[in-house]
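Colleague: Please take a close look at one part of this model, its nonpolar core, and say what surrounds it. Give the cut-offs as you go.

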Amino acid sequence: MEELKYLDFFKNRSTLRRYSSKEVSDATLEALLEGASHAPTTGNMQLYSVVATRSEEMKARLAPLHFNQPTVKGCSVMLTFCADLRRFERWCEERKAAPGFRNYHSFITALIDTALFAQQFVTLAELNGIGSCYLGTVTYNAGKIAEILELPDRVVPVICLTVGYPDEETGFNPASDRIPVAGVLHKEVYKDYSKEDIDSLFEYKENLEESRGFIKENGKETLAQVFTDIRYPGKMNEEVSETFSRLVKEKGF
């Protein structure tokens, strides 16, 4: 196999939840976002925007919508990445073109663009010693987030990152566990998983001390039950699906 670069960097990368008091300057932030904007994008349309939150007042308003995670108020800047058709449609209209993007397909297109943009930002930031934390709470309260950030029609929040330099004492978190690539890669066609495959792929994750702790503190029998009964129960998923779908429709998709 040829020598591959940067594998160790990516294998050892991790989320950062505690930040130092050092600020990420506007110039640095804008340079990272400019670099991130060169991520792949459907048809070169760049169907995304990002709202930067720095003020303590705005962080305090947004924090409850992100379940009051300490990383919200502790970061240098919080970035809300939005699927955004508004800018491109305005351009079309100003140039005597009739946009046909008020549909589910166009929302998915914008969602993909936004995710690629956000992840390229994360990678560039980490290469420059700046960490971040994805907040998995945006879809839970997307409507209220949209209100606070004054997002207009055709703009939907989909990803939120807290960003900052690492706390000098704690630094970055340990790298997260991952299942082997053999569990992800399918050659030529999809090969379904046998019981033996599942046992082998999840053995390491299930036997981590951290995982055993999750099982015990939640009074469950298996790690899978922590995910299905505590973290992401079906009823909650259905409620979030309904409210997020409603917002997407209200925004014109």
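Modeller: The answer goes from the whole chain to the core, then along one helix, and ends at the surface.

This is a predicted model, in which local features need pLDDT of at least 70 and side-chain atom pairs count only at pLDDT 80 or more, while totals for chains, interfaces and linings use all residues. Residues are numbered from 1 along each chain as its sequence is written, and side-chain values use heavy atoms, with hydrogens and water left out.

The protein chain has eleven helices and four strands; helices (H or I, at least four residues) and strands (E, at least two) are DSSP runs, numbered from the N terminus. Its C-alpha trace spans about 60 × 45 × 45 Å along the principal axes. Of its 253 residues, 37% count as buried, where buried means under 20% relative accessible area, exposed over 50%, and partly exposed in between (1.4 Å probe, protein chains only). A contact means heavy atoms within 4.5 Å. Among contacts with a separation of 6 or more, 79% join residues 24 or more positions apart.

Now the core itself. A nonpolar core is a set of buried Ala, Val, Leu, Ile, Met, Phe, Trp, Tyr and Cys residues joined through side-chain atoms within 4.5 Å. The largest one holds 35 residues, and Phe 81, Phe 107, Phe 121, Val 156 and Val 163 touch the most other members. At least two residues each come from helix 2 (26–36), strand 2 (77–84), helix 5 (86–94), helix 6 (104–127), strand 4 (155–164) and helix 11 (234–250). Helix 6 gives the most to this core, with seven residues. Leaving aside residues up to four places away in sequence, Val 163 touches Tyr 19, Val 24, Cys 75, Ser 76, Val 77, Leu 79, Phe 121, Ile 130, Gly 131 and Ser 132. Tyr 19 also belongs to a second, separate core of 19 residues, which includes Leu 65, Met 78 and Cys 82 as well.

Helix 6 has 24 residues and reaches 35 Å from its first C-alpha to its last, close to the expected 34 Å. The expected span is 1.5 Å times one less than the number of residues. Thr 109 lies in this helix, and counts as buried because its relative accessibility is 10%. Not counting residues up to four places away in sequence, Thr 109 touches Thr 42, Met 45 and Leu 47. Just after helix 6, Gly 129 takes a positive phi of about 80°.

Most residues other than glycine have a negative phi. Asn 44, which is not a glycine, has a positive phi of about 60°. Asn 44 sits in the loop between helix 2 and strand 1 (48–53) and is exposed, because its relative accessible area is 60%. Lys 96, also not a glycine, has a positive phi of about 60°. Lys 96 lies in the loop between helix 5 and helix 6, and is exposed because its relative accessible area is 82%.

Last comes the outside. The accessible surface of the chain comes to about 15800 Å², of which 53% belongs to carbon and sulfur atoms; accessible areas come from the Shrake-Rupley method with a 1.4 Å probe, and for residues only the protein chains shown count as cover. Met 1 lies in the segment before helix 1 (7–12), and counts as exposed because its relative accessibility is 91%.
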